[in-house]
Every structure is written in C-alpha cells, then in structure tokens.
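Open your viewer, get the selection box ready, and let's take a walk through this model together. Each stop tells you what to pick and what you should find there.

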Amino acid sequence: MTETTAEQTETFAPPEQFAADANVKADEYERAEADYLSFWAEQSRELVDWNEDFGEVLDWTNPPFAKWFVGGKLNVAFNCLDRHVIAGNGDRVAINFEGEPGDSRSFTYAQLLAEVSKTANTLTELGVKAGDRVAIYLPMIPEAIISMLACARLGAAHSVVFGGFSSDALRSRIIDAEARVVITADGSYRRTKPTSLKPAVDEALSHGDTPVEHVLVVKRTGQDIDWVDGRDQWWEQSVGQASDQHECEFFDSENPLFILYTSGTTGKPKGILHTTGGYLTQVLYSMKAVFDAKPETDVFWCTADVGWVTGHSYVTYGPLAAGMTQVVYEGTPDTPHQGRWWEIVEKYKVTTLYAAPTAIRTCMKWGEEVPGKYDLTSLRLLGSVGEPINPEAWRWYHRVIGGERCPIVDTWWQTETGAHMIAPLPGVLSTKPGSSQRPIPGISVDVVDDSGENPAGPEGGLLVIRRPWPSMLRGIWKDPERFKETYWSRFEDTYFAGDGARRDDDGDIWFLGRVDDVMNVSGHRLSTAEIESSLVAHPKVTEAAVVGAADETSGQAVVAFVIIANGVEDSPETAEELRQHVGKDIGPIAKPKKVHIVTDLPKTRSGKIMRRLLKDVAENREVGNTMTLADSSVMETIEKSVAKS
Ligand code: WT7
C-alpha cells in the first residue's frame, strides 16, 4: 500500500533501563480509564500544592463552560517557586540562561523566588491587582519568565505577545485584554544584531486608545529609545529597588492565569483563556508522564519562545512547577554558527530536548557533521511539537541527535488544550516514526467521519476530544458565543480540534494537518483570513486569497494570490512591497513566501473563493475539479500569470 504503511511496522522499544526507571508504567492507561475523574483528582493532589483542597472534581453542568477542582485554592507561582525552597531545594538551579551574544546567567530557585517577589512588589506599586491583565512583550530572556510568574503570584492574568509581532498586533491584543501595564525591553538580539522592541510599544500606545498606564522596560541591548516620562520606568530601577519579600495570596482554581491570542479561521485572533488549578495539574502530569521528569538529575530544554503556548507550558510553568533545572536560550539555532544548539546541549548536559520538526529539518539540511562535533551523550529523551514530524526527520533526530538511545515523544496539543493530549508514554510504548500514537492517560479522543457518528475509515477523518480535560481552555476572552461556535457546535458536547487524523491498524494516531483555513508555518499557527485582510487593507490590492502550500522545511509556506487595483503596475516590485506590508502589519512570520499577482480568483457561484484550487497551483499540481466554479476558465488564466511571475 502506501509508503507510510511500511513505516508503521517499524517501531522502537524503549531502552530497558529507561522503561524500568520510568515514572509511569503501562497500567496507568487502564487505571485512568476506570474512573477518569478520580484519576485526575489523584494526580492533582499528588502534583499540585493546594492551599485549600477542592470538592467536586469537575462541574460540567453548563457545557462547554467547565470548572475543574471546584472550590480549591492555590497559587501557581507558589507551586513553581516557594514550595521548592521550603522543601530545601532553594540552591538547585532553576534557569541556566544563554544569551545569543554568549552572555549567560543562572538563577537558583531561591534567587528566582526573590526576583519574582521583587517584580510582584513592583507591579503592585504600579496598581496591578488580582483580576487585572498585564501585557508582556519581551524577548526570550529570564525577565519574561519572571514577569509571567509575578503576574501569577498576584492573581493577575498575563497576555504574552510574541516579540516578533508588529505594533498593530500588540495594540489590538492590549485593547482586547484591557491591559493596564506593558512589560517590554529596549530590544533583543537576533542573528547578532540588536533589534528593537520598545518603539513598537510606543507606536501601539500612541493612538491613545489603550488603557495602559505604565510601561516597564528591561535594558537588554542598551540601544537608544524614546521615553515617555510618567509612563515609562526602567525595570532595573523599579524592580531593583523593590523588596524581595512577598507573601502570596491563594486564589480560586478557576482564577484566570493567562490569555494567549491565537489565529483562527477569521481575521480576528482569539484570546484563549486558561485558568490555574486544572492547567497546572495537566501540565505537571505531562511533565511526569510524557517527559518522565526527574528533577534531581534532569536538565530540561524546550526551545520554544514564551510568546507561544509551548513556552507557557514547557518553559515557564511545567519545568518550574516540577522543580527542574532548565536551559533558556535567547537566539536562533545558527548564531553565531550552525552548531549552537548542540554546543548548548554539551555545555549544560541537557537530558531532555523539546523542539519543533521545522528546526530538526533545518539541522538535517546543515548536515550531520555539525551535531557530530559535540558530545550529546547527556540526552536521554527527545520531544517534538507543533506540526506533524515526517518519518525521515524523526529517524534523523533519533539516530543523529539521540544516538539511537533516546525515545522520541511526538506531542500533539494546541493553545486551546493547554498541555499534551496525544503522545506516547516513553517508558511504555514502542515509538513509531511519524505517529503521536495515543492520548495520554485520562484523555479520550476519537477520529470520526464528517457526521461525527462513525469512526473514520482508513483514509482518515476529524480529530475530536470526547470529554472535558483539566487544562482545557475555559473560553475565548470576552466572546462566549465564538467559543461555542468554534469548538463545540460541529458535534454536540464534543470538542472539534480542527485537525485531520487517521488511525493505523494498531490504533495509533497519525496527524494529517488542519482541516480549516489555519496554516502551520514552522510550527506557528497563522490564519489565511488574517493575512488576506492585511493584504486587502493595502491601497494597491482589491482582492486577495491566501493558502498554505507544502514546504520542505517549514511544513507549510504562505502563498498569496492578489488582484491589484487599476493603474498599479504588475511587477516584482509590487509583489515585494505587498510581502513587506504583511510583515510589518502582522509580523515577519506572516510574510508570504510568494505573492502572485493575478487578474481573477476562482469562485463558486455563491462567491466563495476556492482555495483548494489555488493550493494545487501553489504546490505545482494539476488543478483539481473546477466544476463548481462560476467561470471555469479562471484557473487557466491564473496558471498563466503564475508561470510568468
Ligand atoms: C496546531 C496547534 C502545541 C503547541 C504548538 C502549536 C498542530 C501541534 C502537533 C503534532 C501534528 C501538531 C495541529 C494543532 N500540531 N502539535 N505533534 N503533530 N500536528 O500550538 O499554535 O495552538 O497550534 O498545531 O494542527 O491543531 P498551536
């Protein structure tokens, strides 16, 4: 049959010692399934420090609005810091920070607690109270993690905005979340050059339509920046002078922890809301079960930026709540040379590495002699996240990086799910290149056909989540209707993830990509509609259609088809101008790889753009069925324009 069928038969059993020492054994699946609510209650009481115990495990009387661990009280920052210090582990290194230019800093748990306490005291000075929102727009430096924990300590929700997003993206997120304070830096280092951040904040706040009262600025690059007296404060000064003693309060298990904006099928990003008790429970359980966390001996490194959910759950909250020593790296994998990541693994003796397939494919391209120069024998477990990992990249990761001794956990989850949902338990299952395999214990998923009533056939179907789970999103910020409509309306009382998937003969799950208008570029989620509205907002564009075309390195690449206004020149310069416009409007990651100027777009009789046909063109395939087009000659014209551009 297909190539993947042959590959499915090849599996990799966990090394004997790894299996023997694993935190979680095979019986866990059955135990969890016997009574999933008791299972989660048990995990929560074991892994989380509750200041006041909860009563009911799950309140699902008003679906899809869930309440987990009802009535319990906790403080997430206390769980990440104080409890480790109280347990006598204050001298353990929490963060080994490696700056892109080569500077490094380490924080023990006791030192990190002191920094977070000072920051919490500073934010209190600035008027931040429980229930408020704080926007964080920082590079990957320790202050990003410290800021997030300081908010959590105060019971204020953070909204981290990825440093690569534009001032417009920042502004709309600040307004939607009604943030009172922004924490930023003068700039950051990207491929050895200082790039600026503060000017984007100034620009975002210059319209006078945000509720922001204060801006706290970390000095990272020392570059010149503008200053607004009364509004702006240097972190070094304010936090530097604050007391390092802070007694924390304990909040309800459903108190908001963060809002994180992610792209959906419409132009407006959704503010995904997460709360504390359930989120921390599942994040900690995944640290224990999927990452087999051994806090005394492991050195954990998740390469994601805190601007994405992976950085929230597996840089800030998971590793710290689990009491791990972790590495935080500011820069890109090839600065100043292509062996930088492997040099870091060697330097800090990293045991657990968690990265995206795009990065692995890029390293593959650079050649195996690059990692070959470093000692990678400290590694014992590898993780993959963000997009399907192709079997070839999986094997390379396993052989070249893992020395054939490290299990690979391919973890499927989403901003909305908060923590791992589908991933192999590394000491239990024999892993299979390219498959995420099974839901973790306590989670129930299905792959169904279009009606939602039958299991999908061998060709695959839609992934759904059958039951509520502790770290599930609690809603879309200020938009309960959109929450219901997006995730819970396609199938009743069942969460619709937006991913295509299939099961093989062993029942293992393989992901097939998104089934909606969401693209996945280098593991980052982008919306076709958002990029289309950005293009159409340019005066030279009258209509635009965007597709995600298969790309060897980045998984998908953004390809745009635009109709330009009368009198505008059809030239490579115009196309380039439009690419740059999207980069500036949304952020560099959204910049189309190609902009094709065309005279018409394929539409159905009802006027709906048929992106499927454009995708065929972008992927150099024969164009599919054009029967439903209002004008069937359109595709020929488009193919001609594309061939000439
Ligand atoms: C979408 C979620 C999960 C954190 C990073 C992305 C895709 C994610 C996998 C995987 C296949 C994956 C899905 C999902 N995805 N992990 N292991 N295998 N696909 O979070 O930005 O919310 O994107 O990423 O399509 O729906 P996100």
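Start by selecting Thr-310. Setting aside sequence neighbours within four places, Thr-310 is in contact with Cys-302, Ala-304, Val-315, Tyr-354, Val-385 and Trp-413. Keep in mind as you look around that this is a predicted model. Thr-310 is part of helix α13. Is Thr-310 buried or exposed? With a relative accessibility of 12%, Thr-310 is below the 20% limit and so counts as buried.

**Next stop: Ser-522**

Now add Ser-522 to your selection. UniProt, in an unreviewed entry, lists Thr-310 and Ser-522 under "binding site". The two span 213 residues in sequence, yet their C-alpha atoms are no more than 13.4 Å apart, so they gather at one spot. Look for Ser-522 in the loop between β26 (518-521) and β27 (524-527). Ser-522 is partly exposed, at 25% relative accessible area. Not counting residues up to four places away in sequence, Ser-522 touches Thr-358, Glu-387 and Ser-554.

**The ligand and its shell**

Select the ligand and show the residues around it. How many residues surround the ligand? There are 17, and the closest are Asp-410, Thr-415, Asp-499, Arg-514 and Arg-525.

Three atom pairs deserve a distance label:

- Asp-410: an N or O atom of its side chain is 2.8 Å from a nitrogen atom of the ligand.
- Thr-411: here a backbone N or O atom is 2.8 Å from a nitrogen atom of the ligand.
- Asp-499: an N or O atom of its side chain is 2.5 Å from an oxygen atom of the ligand.

On its own the ligand would expose 550 Å², and the protein buries 95% of that. To see which elements give two or more residues to the shell, colour α13 (309-321), β20 (408-411) and β25 (509-514). If you colour the shell by residue character instead, you will find 6 nonpolar, 6 polar and 5 charged residues.

**Ser-435, touching Asp-410**

Keep Asp-410 on screen and select Ser-435. Leaving out residues up to four places away in sequence, Ser-435 touches Asp-410, Asp-508, Ile-509 and Trp-510. Ser-435 sits in the loop between β20 and β21 (445-448), and at 2% relative accessibility it counts as buried. Zoom in on its side chain: a polar atom there lies 2.7 Å from the backbone oxygen of Ile-509.

**Helix α15**

Go back to Thr-358, one of the residues that Ser-522 touches. Thr-358 is among the buried residues of α15, so select the whole helix, residues 357-366. This helix is mostly covered, with 8 of its 10 residues buried. Besides Thr-358, the buried residues are Pro-357, Ala-359, Ile-360, Arg-361, Thr-362, Cys-363 and Trp-366.

What covers them? Among the elements doing so are the helices α14 (340-348), α16 (369-372) and α17 (391-401), along with the strands β18 (352-355), β19 (381-385) and β29 (555-564). Before you leave, click on Gly-367, just after α15, which takes a positive phi of about 105°.

**Glu-330, a charged residue under cover**

Select Glu-330, in the loop between β17 (325-329) and α14. Glu-330 is buried, with a relative accessible area of 3%. What does its side chain meet in a polar contact? The partner is the side chain of Arg-220, at 2.7 Å. Expand the selection to contacts beyond four places in sequence, and Arg-220 is joined by Phe-97, Glu-98, Gly-99, Glu-100, Pro-101, Met-140, Ile-141, Ser-188, Tyr-189 and Arg-190.

**Val-218, in strand β11**

Ile-141 leads on to the next stop, since Val-218 touches it too. Val-218 lies in strand β11 (residues 214-218) and is buried, at 1% relative accessible area. Not counting residues up to four places away, its other contacts are Leu-138, Glu-143, Thr-184, Ala-185, Asp-186, Trp-234, Trp-235 and Glu-236. For a sense of distance, draw a line from Val-218 to Val-350: they are 132 residues apart in sequence and 28 Å apart in space, C-alpha to C-alpha.

**Last stop: the annotated domain**

Zoom out and select residues 86-477, where an unreviewed UniProt entry places the feature "domain: AMP-dependent synthetase/ligase". Over this stretch the chain is 31% helix and 23% strand. Label the C-alpha atoms at its two ends, and you will find them 36 Å apart.

Technical notes. Residues are numbered from 1 along each chain as its sequence is written. This is a predicted model: local features need pLDDT of at least 70, side-chain atom pairs count only at pLDDT 80 or more; totals for chains, interfaces and linings use all residues. Side-chain values use heavy atoms; hydrogens and water are left out. A residue is near a molecule or strand if one of its heavy atoms lies within 4 Å of it. A polar contact is a pair of N or O atoms within 3.5 Å; within protein, one must be able to donate a hydrogen and the other to accept it, and residues adjacent in sequence count only if both atoms are side-chain atoms. Accessible areas come from the Shrake-Rupley method with a 1.4 Å probe; for residues, only the protein chains shown count as cover. Helices (H or I, at least four residues) and strands (E, at least two) are DSSP runs, numbered from the N terminus. Ala, Val, Leu, Ile, Met, Phe, Trp, Tyr, Cys and Pro count as nonpolar, Asp, Glu, Lys and Arg as charged, and the others, Gly among them, as polar. Buried means under 20% relative accessible area, exposed over 50%, partly exposed in between (1.4 Å probe, protein chains only). Contact means heavy atoms within 4.5 Å. UniProt positions are given in the numbering used here, feature names are shortened, and annotations may be inferred rather than shown by experiment.
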